[in-house]
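This report goes through selected features of one protein model. The sequence and structure come first, and the text follows.

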Amino acid sequence: MNMFWAFAQFRKCSPYFAAFKGTCRRMCKMLNATAADRNKDPILAVLKSRVASDRPLVALEISSGTGQHVIHFAKAFPNISWQPSEIEAQSMSSIEAYREYHKLQNVKPPIYLDVSQSWENWAGIQPESCDLMVNINMMHISPPACTTGLFNGVGKILKPQGLLLTYGPYAFNGSITPQSNVDFDHSLRYRNPEWGLRDVSLLKTLGQENGLRLEEIVDMPANNKCLLFHKDSVV
């Protein structure tokens with residue numbers, strides 16, 4: 001049997017072809033970041049040990065990237081309503097494709113969010129509306145204004161006693177270790193002078209200015225860290 005003829009008949013006659021084609025289109029939009037696949041479980045382990053799973057919560061992920069993280073976390077925390085966000089159109093399409101493919105009721109459609117802008121422009125998110133905010137691998141590949149904007153916005157949007165988790169490579173008191181992170185920082189600054197590893201001392205100061213206390217630094221694989229900030233008071 002001619003395979004092209006057979007496929008043409010399947011295309012014309014099968015009631016499943018439209019659904020099959022739709023699934024293929026979604027999967028083509030689902031970007032895959034190797035780093036996200038590697039770090040999603042270690043980050044989830046940090047969340048599981050520090051975030052309640054027995055009551056409804058609201059979470060905002062800032063700079064969600066491909067969407068792999070938010071889907072992975074949402075499966076593990078069905079009690080949390082997850083709001084992904086992005087600034088890049090391709091990433092927003094990828095997040096929506098993941099959301100449609102996995103059909104998770106606790107993941108909202110992605111919103112456009114420019115973290116360098118004032119929190120009032122963050123797609124209408126209300127003050128003190130989030131229990132948890134997550135930011136993964138953004139600060140070192142964005143201008144300093146994004147880091148400042150992140151902490152300013154979190155200070156307004158996070159509920160008192162809420163948690164901010166950030167993840168990535170960082171400098172400590174002006175020093176970067178090991179050599180692989182030094183080389184990485186140099187490569188980032190070569191590509192864009194405004195990029196580079198942010199110093200934890202700066203982030204601690206930005207946190208304090210916005211009512212956020214750096215409570216814990218967790219060692220992670222591949223010379224990364226999770227920084228855990230809690231909001232102590234209304235800002």
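The sections below cover salt bridges, helices, backbone geometry and contacts between separated residues.

The model is predicted.

## Salt bridges

Across the whole structure, nine salt bridges are found. Three of them are listed here, among them one within a single helix.

| Pair | Closest N to O distance |
|---|---|
| Glu-216 and Arg-50 | 2.7 Å |
| Arg-99 and Glu-96 | 2.9 Å |
| Asp-131 and Lys-159 | 3.3 Å |

The side chains of Glu-216 and Arg-50 form a salt bridge with an N to O distance of 2.7 Å. This pair links distant parts of the chain, with the two positions 166 residues apart in numbering. Glu-216 belongs to strand β6, residues 212-220, while Arg-50 sits in the loop between α3 (34-48) and β1 (57-62). Glu-216 has a relative accessible area of 29% and is partly exposed. Arg-50 is also partly exposed, at 33% relative accessibility.

The salt bridge of Arg-99 with Glu-96 has its closest N and O atoms 2.9 Å apart. Both residues are part of helix α5 (residues 89-102), where they are three residues apart, about one turn of the helix. An α-helix has 3.6 residues a turn, so residues three or four places apart point the same way.

Asp-131 and Lys-159 are joined by a salt bridge whose closest N and O atoms are 3.3 Å apart. Because Asp-131 is in strand β4 (residues 130-136) and Lys-159 is in strand β5 (residues 158-168), the pair ties together parts that are 28 residues apart in sequence. With a relative accessible area of 17%, Asp-131 is buried; the cut-off for that class is under 20%. Lys-159 is partly exposed, at 29%.

Arg-213, Glu-215 and Asp-232 are joined into one network by salt bridges that share partners.

## Helices

Helix α7 covers residues 179-191, 13 residues in total. At 1.5 Å a residue it should span 18 Å, and its end C-alpha atoms are 18 Å apart, which agrees. Which residues of α7 are buried? They are Asn-181, Val-182, Asp-185 and Leu-188. Viewed down the axis of α7, the buried residues fall within an arc of 125°, so they line one face of the helix. The other side of α7 has His-186, Tyr-190 and Arg-191, which are exposed.

Helix α4 (residues 68-76) and helix α5 have axes that come within 9 Å and cross at roughly 30°. Angles under 35 degrees count as roughly parallel, and α4 and α5 are therefore roughly parallel to each other. The crossing in which α4 passes α5 is right-handed.

## Backbone geometry

Thr-177 and Pro-178 are joined by a cis peptide bond, with omega about -10°. Pro-178 is in the loop between β5 and α7.

Positive phi values occur at Glu-128 and Asn-137, neither of which is a glycine. For Glu-128, phi is near 50°. Glu-128 lies in the loop between β3 (111-112) and β4 and is partly exposed, at 30% relative accessibility. For Asn-137, phi is about 50°. Asn-137 is found in the loop between β4 and α6 (144-157), and with a relative accessible area of 23% it is partly exposed.

## Contacts between separated residues

How far apart in space are the C-alpha atoms of Ser-63 and Glu-86? They are separated by 4.8 Å, although the two residues are 23 residues apart along the chain. Ser-63 occupies the loop between β1 and α4 and is partly exposed, with a relative accessible area of 23%.

Ser-201 and Gly-174 are 27 residues apart in sequence, and the distance from C-alpha to C-alpha is 8.5 Å. Ser-201 is in helix α8 (residues 200-209). The relative accessible area of Ser-201 is 35%, and the residue is partly exposed.

Notes:
Residues numbered from 1 in each chain as written. Predicted model: local features only at pLDDT ≥ 70, side-chain atom pairs only at ≥ 80, totals over all residues. Heavy atoms only, no water. Salt bridge = Lys/Arg side-chain N within 4 Å of Asp/Glu carboxyl O. Helix = DSSP H or I, 4+ residues; strand = E, 2+ residues; numbered from the N terminus. Buried < 20%, exposed > 50% of the residue type's maximum accessible area, 1.4 Å probe, protein only. Expected span 1.5 Å × (residues − 1). Arc of directions from axis to C-beta. Axes fitted to C-alpha atoms, helices over the stretch in contact; angles between N-to-C directions. Parallel < 35°, antiparallel > 145°, perpendicular 65-115°, else oblique. Left-handed = near helix turned anticlockwise from the far one by under 90°.
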